[in-house]
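Hi,

Here is the structure I promised to pass on to you. Please open it alongside this message, and then read on for what turned up in it.

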Amino acid sequence: MNTLENLYSRKSIRSYNGENITEAELKEILKAACAAPVGRAKYETLTLTVISNADYLSRWEEATAVFADAPGLHPFYGAPTVILVSSIVPPAPQDNVSYSNAAIIVQNMALAAVELGIGACHIWGAVRALNESPELIRELNLPDEMVPCCAIALGHMDEKYVLRAVQDDRIRTDYMR
Ligand SMILES: Cc1cc2nc3c(=O)[nH]c(=O)nc-3n(C[C@H](O)[C@H](O)[C@H](O)COP(=O)(O)O)c2cc1C
């Protein structure tokens, strides 16, 4: 797949078939994360946590359902692996790089997932809920000062990525020429 085909085929996957990604696939996804651009190359300000512990994911889903007041919510849609991206976040206005680093890392993993035919979904809402749950955070054993920023859900699926028609005027674009 060339890069533009990859970009135009990507979509959020919210239905998984229960089969986990393989170790080789995980390795490739993590390599894609490490290929991401990071502000001032400060890779040491970031941590990836690969979570495939079903009990933990289920408790995180439950905490999110309570946080969102949405009983029965399954924010990971049955994906068997979630990779959390945490970052050291300085106070605003210096925080923009930290959150951007984390988001770009997630996007790199999402594009690698498309290439590998693996289902993926960006996960931000459940991370807000996680940040309200000190017990769940403690279990992650994150290095000091690391704050969960965002995540990606990953798993095998029955669908396939196909080229989508991209509505190329859906983001307002102004020009100063
Ligand atoms: C910053 C960000 C946060 C997102 N958070 C979530 C989320 O928590 N749960 C979810 O199901 N999708 C989430 N998404 C996916 C968006 O809903 C999705 O990208 C958008 O609806 C466009 O659909 P597409 O990805 O299929 O093109 C998020 C996407 C981005 C970029």
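**What turned up**

Right after helix H4, Gly117 has a positive phi of about 75 degrees. Before going further, please keep in mind that this is a predicted model.

Let's stay with H4 for a moment. The helix covers residues 95-116, 22 residues in total, and it reaches 32 Å from its first C-alpha to its last, close to the 32 Å expected at 1.5 Å a residue. Its buried residues are Ser98, Asn101, Ala102, Ile105, Val106, Met109, Ala110, Ala112, Ala113 and Val114. The cover over them includes helix H1 (3-9), helix H2 (23-34), strands S1 (46-51) and S2 (81-88), S3, and strand S4 (146-155).

Asn101 is a good residue to click on within helix H4. Asn101 counts as buried because its relative accessibility is 5%, and the cut-off for buried is under 20%. Leaving aside residues up to four places away in sequence, Asn101 touches Pro37, Val38, Gly39 and Leu46.

Next comes helix H3. Its 14 residues, 54-67, should span 20 Å at 1.5 Å a residue, and the end C-alpha atoms are indeed 20 Å apart, so the two values agree. At the start of H3, a side-chain oxygen of Asn53 comes to within 3.0 Å of the backbone nitrogen of Asp55. Tyr56, Leu57, Trp60, Glu61, Thr64 and Ala65 are the buried residues of this helix. Among the elements that cover them are S1, S2, helix H5 (125-130), helix H6 (134-139) and S4. Just after H3, Asp69 takes a positive phi of about 50 degrees.

Now to the ligand. Which residues surround it? They are Arg10, Lys11, Ser12, Arg14, Tyr77, Cys121, His122, Ile123, Trp124, Gly125 and Arg164. This shell divides into 4 nonpolar, 3 polar and 4 charged residues. Strand S3 (residues 119-123) supplies the largest share of the shell, with 3 residues.

Three atom pairs are worth displaying:

- Ser12 has a polar side-chain atom 2.6 Å from an oxygen atom of the ligand.
- Tyr77 places a polar side-chain atom 2.4 Å from an oxygen atom of the ligand.
- His122 uses a backbone N or O atom, which lies 3.3 Å from a nitrogen atom of the ligand.

Taken alone, the ligand exposes 620 Å², and the protein buries 58% of that.

Finally, a few details of the backbone. Most residues other than glycine have a negative phi, and most peptide bonds are trans. Here are some places to look at with that in mind:

- The peptide bond from Ala92 to Pro93 is cis, with omega near 5 degrees. Pro93 sits in the loop between S2 and H4.
- Ala41 is not a glycine, yet has a positive phi of about 55 degrees. Ala41 belongs to the loop between H2 and S1, and it counts as partly exposed because its relative accessibility is 46%.
- Asn141 is not a glycine either, and its phi is positive at about 50 degrees. You will find Asn141 in the loop between H6 and S4. Is Asn141 buried or exposed? With a relative accessible area of 66%, Asn141 is exposed.

Happy browsing, and do write back with any questions.

Best wishes

Key:
Residues are numbered from 1 along each chain as its sequence is written. This is a predicted model: local features need pLDDT of at least 70, side-chain atom pairs count only at pLDDT 80 or more; totals for chains, interfaces and linings use all residues. Side-chain values use heavy atoms; hydrogens and water are left out. A residue is near a molecule or strand if one of its heavy atoms lies within 4 Å of it. A polar contact is a pair of N or O atoms within 3.5 Å; within protein, one must be able to donate a hydrogen and the other to accept it, and residues adjacent in sequence count only if both atoms are side-chain atoms. Accessible areas come from the Shrake-Rupley method with a 1.4 Å probe; for residues, only the protein chains shown count as cover. Helices (H or I, at least four residues) and strands (E, at least two) are DSSP runs, numbered from the N terminus. Ala, Val, Leu, Ile, Met, Phe, Trp, Tyr, Cys and Pro count as nonpolar, Asp, Glu, Lys and Arg as charged, and the others, Gly among them, as polar. The expected span of a helix is 1.5 Å times one less than its number of residues. Buried means under 20% relative accessible area, exposed over 50%, partly exposed in between (1.4 Å probe, protein chains only). Contact means heavy atoms within 4.5 Å.
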